Structure formats: C-alpha cells, structure tokens
Amino acid sequence: MNHLITLPIILPLLLATLQLLPVIEKNIERQRIISIAGSICLLIVSVALLISAASNNVTLYALGNWDAPFGIQLVGDRLSSMMVLLTSILLLAANLYASAGDDNQGRYFYPLMMFQAMGINGAFLTGDIFNLFVFFEILLIASYSLLIHGGGKHKTSAAVHYVFLNLVGSAIFLFALGIIYGTLGTLNMADMALRVRELNESEVQLTKIGGMMLLSVFALKAALLPLQFWLPRTYASAPGPVVALFAIMTKVGIYSIIRIQNLVFGDSAGDLADLGQDWIWVLALGTLVMATLGVISAPSVKRLAAHLVILSVGTLLVAVGFGTQNSLSAALYYAVHSTLAGAAFFLIGDIIAEQRERSFDRIVAGRSLAQPMSIGILFFVAAITLVGMPPLSGFIGKFLIMKSIDTSSTLVWAWPLLLIGSLAALVAFSRAGSTLFWRSNGKPDSSKASATRKFIAVGILLSAAPLMSLFAGPITEYTDTTVQQLLVFEQDPTQIMAKGVQR
Amino acid sequence: MELLISLIIGLLTAVGVFLVLRGRTFPVVLGLTVLSYAVNLFIFSAGRLVIDGAAVLKSGLATPDPVPQALVLTAIVIGFAMTAFAVILAIRARADLGNDHVDGRLPEQSGEQK
C-alpha cells in the first residue's frame, strides 16, 4: 500500500502535537519556523499526491488493513487530491501571514491551524461517511477556537452563533447517518452507492429523508440560501489569517455535496437518482440574489469579502445543481479560483484594517493608508479576478459556468443572476476602492506599515489568478477528466473500495 | 419496545429543539445536550433492537449489530467535548457581553423574560 495518502492527515497532527510541547510552545519563533516549514512539507506532499492522481491512479488506503465495506478507507482520486492541494496552499499563505504578528494575540494559534488543516484534509480524503462526520467535527472544534483567537466582544458574539448553529448541524448530521445506516446497512460511500440500487420499495422513502437531511447539513457548511446568514458576521469578525483558511470551509460542504450527489445518489441510483438536485439549483439561484444584495450593502471590506464568498457559493452550486459534466467541470475550476481569490481579499481587508486607525476596514473616508501603492495594486488585482473581468481567472471560471448552462429554460434564470452578481461586485469594488484609496485625509502614518511577509502571503494567493488563466487549458483538462472519473466511479463503485494487503 | 424507544427519542428531540430555540445561552446549551441524547439513542437503535440477545457472540442467540454501538461511542465522546466547549463559550460570552442572550444583547421589550 502507498502510505503517502495518509500524510496530509498525519503530518498536521504530528506538527500540531509537536508544537504543544513546552519547549516549542513557549517560543513563538520556533513555532513559526516549524509551522511554515511544515506547511511547505504539506504542500510538497499534496503536489506528489496530485501528480499521482493526475496519472489516473486512484490511491486507495485501507486503514488498519480492513477490507473496504468493513474498515474505514481513504480515497485519493483526482477530486480529493485537488482539494487537498488547495488546502495546503491556503495553509502556507495563512501561516506566513500570521507569522508577521497575528499569531501572538492568543495562545496555541499554530497547533489549532494545523488541527484545522488536518480536519479539512481528512474530510476530503475519507471514503467513509461517518469518518467524514468525525473530520467535520475536528475542523469545527479547531475553527471554534480560532474564531475567538485574540478575543474581543465581536468575536465572542459571532462565535456563539457559529458554535450553536454548527452543533445543531452536527446533531442533524448524526440523525441522517442513523437513518442511512438503518436502511442501507453501511457507511462506506462506495458501498452505499451499491446498496442504494437494490433498495426495496418500503425503505426508499426513509433513505430519501436521510439523504435530504444529509444534504441540508452540507448546505449549512456550504452556506446555501436559507442557511447562509451565519457566514458574513462570522467571517467578518474572525482574524485575517484564520479567515483565509476558512475560505476553504464552504468548499468542504460543496465538495461533500458533489461527492454524495455523484456517487451515492447518481444517475444509477434508481428511485433516488439525483436526489435534491432541483432544490440545489433553485436555492443556489436564491443564494445569488441574497449575495448580490449583500455585496451592494456591505459596510466594510471584510463584510464585502464575506458576501463575495456567498456569491461564489451561489455561482458554484448553480453549476453543481445544473448537473451536467461540463457544468461540474466548470464548477471545479471556479472552486479553486474563488477559494484563492476570496482568501487573498480577506487578507487585503485585514491589512487595510491594520493600517487605518479608527475607521478599520469600514468603507468610509479615513486616514491614508501607509502603503497605498502596494495595497492598491493587490486590491485592484483581487477586484478584477473576483468581479470576473478578463484577463484573470475569475472571467474564465464564470465564462465556463455560463457556457455550460446551455438549455434555454435554465439559461433565462441563471445568466441574468450571474451577470447581475458580477455587476454588483463591480459597483461595490469601485465604491470601496475609491473611498479607501482616494478619499483619505491626514498624513499616512508610516510606522503602521505592514510586514513584507504579509504582502508575500497575499501575493502567493493572488498569483493564482494570472497563473490559472495562463494555464486554463491544462487545468480545465484536469477538471474534465476529474468529472469523467466521478462518472466512472458512479457506474462502478467497486473501483473505489480498498482491499487490505494479503499476507 | 420499538414504540417505547421511538417515543422517548421523539420526546427528547422535541424538548431539545424547544430549548435550542430559547433566547438565553443556558437553555440552549441544555437543549443541545438533550438533542445529543436523542441522537445517541437514535443511532443506537439504527442497528435494530434485539431483546435477549448475546452481549458479544454466542451461537444460537441473536446478536445485535455492533457497528451502531461503536458509532454511538464516537458520537458521545464528540458530543461531550462540544458541549463542554459550548458551556465555556457561553460563560465567556456572559463575561464579554454583559448578558447571557444568544444575540449578545437583550431584546428591546424583555419585560416578561426578566
């Protein structure tokens, strides 16, 4: 067996534990060195995993050497390797950004970041739905603590909502798992897909309820329409580097939706084929409307960034809900783009808040920024890619999604909403940019200049925008094959059932 | 037996949901706890109820499904940790915000809630 696939989970776990040792925990410099070096190692591991997945090998790993339906298995296919790589890039940028001083505002910053990365990677790699729940809880409990890192009234009050909401979400997740185990008798995702096909009449309705409950939990994580109200406040109050890593959390929900919709409730699922697909489509359109209103009315840069996250969720789920191969492939491209650009914009908002005195990141005239030139350039690039203007990756992502939605009855709904969303983002960015950079008064306070490594961190994330549009060909080829691979698994789930090593 | 268990789960869920929807943090935490009890019982019964079965393995006796028992153990541990965190957070929120309302501020007309 190839043990490489366990590293994205084991490595952050070990690094986090190592950093809890007093020798390292007491010395912030040592922690910084270990976590940045560790993030780079994780990045290398993820690239290796992606290269192995790109040559169409699916890495299957039977934990504890138990054969598939009985033991827990890890599945490293194209989709999960891609998402793991995305997490590693975010983690590196977030840790680099935090090492400029944000890590010192509270204790255990890096161990918690590592635990969170472990939970996210685990959720992407696992092939067992109960294990998915466990990794969800790991990433959640780390995120609860990271959210209140540094303390303060706003963080606490946002965290109360976030924690309670997610605890209820976990309870619903468990109810759904109980129902599904009761009717299907398995928790392995591939085995679930097989059992759904031979479900007898009396249990179809019950399984349907379980499946829809599962979908609603994932919709809560993904911030789909009626369940997205928690996001703006939570994301806007979290510390900058933390929220940069949070940018992938909505994608964990979307990933789970894609995984379950295309494996368990795929086209071969008989009565349960495409369960909830219509709901996703309608609610995603609703999410776009809400996010558009939110983007226009956002009072601060971080709120704007949070509403842009919801806008990207809406855009993504419109494509997922449409459910053709092309639209799914476009969604995967857009997911990578929106995660990186969204995280970068949160960090830019954090730098702006740091450099202006009392007005923080609110979009009002205030003291001049200490480094208006470099921040302005980053803001401009982020704005272009997030609005979806050529030549950067946002344009290609949005264009691919719109092109894939090609029947006239769906096009009438999706195209106007997607374009109005972009227009709203454009208006909001112009307003924010002109207020922040041009309507400033007072001498800039050069002692407030931000550390260079903060700009490097934002640069790493933003460099993806031109790179992703430069290499759009290979990337879309990769996502196309990813979707085909999902289809192959859907037709023959036994392909992703791990076998233990025979002795 | 089935009726009894399902009634208990239903009652616990109803109580849990009611408490979770309250405005103060303490009832909400209690509600989450009750809800997690309901969930645990529910998962436990997902492997079908067996009366007079063997505790582990014994030929001739019906054996209950061991998987839900393992699941419920995991769920209990996680639920316990999460409840502990929620309690600490609620105390912190009381200290930081000066009241124990989940929104961090008391509603305008809270005459009857005092």
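In this predicted model, chain B meets chain A through 26 of its own residues. On the other side of the interface, 22 residues of chain A take part. Two helices of chain B, H2 (25-46) and H3 (66-97), each supply at least two residues of the side that touches chain A. H3(B) gives the most, with 14 residues. By class, this side of chain B has 20 nonpolar residues. Four polar and two charged residues complete it.

Chain A was examined next. Its secondary structure comes to 21 helices and two strands. The radius of gyration of chain A is 22 Å, and the globule rule gives 23 Å for 503 residues; the two values are close, so chain A is as compact as a globular protein of that length. Along the principal axes, the C-alpha trace of chain A spans about 75 × 60 × 40 Å.

The interior of chain A was also assessed. Of the 503 residues in chain A, 61% are buried. Contacts between residues at least 6 apart in sequence were considered for chain A. Of these, 79% join residues at least 24 apart.

Confidence was examined last. Chain A has a mean pLDDT of 90. In this chain, 99% of residues reach 70 or more. Confidence in chain A is lowest in helix H2 (residues 22-25) of chain A, where the mean is 87. It is highest in helix H5 (residues 109-125) of chain A, at 95. Where pLDDT is low, predicted coordinates should not be read in detail.

How values were computed. Residues are numbered from 1 along each chain as its sequence is written. Chains are lettered from A and ligands numbered from 1 in the order in which they are written. This is a predicted model: local features need pLDDT of at least 70, side-chain atom pairs count only at pLDDT 80 or more; totals for chains, interfaces and linings use all residues. Two residues are in contact if their C-beta atoms, placed from the backbone, lie within 7 Å. Helices (H or I, at least four residues) and strands (E, at least two) are DSSP runs, numbered from the N terminus. Ala, Val, Leu, Ile, Met, Phe, Trp, Tyr, Cys and Pro count as nonpolar, Asp, Glu, Lys and Arg as charged, and the others, Gly among them, as polar. pLDDT is the predictor's confidence in each residue, from 0 to 100. The radius of gyration is taken over C-alpha atoms; the globule rule is 2.2 Å times the number of residues to the power 0.38. A residue is buried if 20 or more other C-beta atoms lie within 10 Å of its own, exposed if 12 or fewer, and partly exposed in between; C-beta atoms are placed from the backbone.
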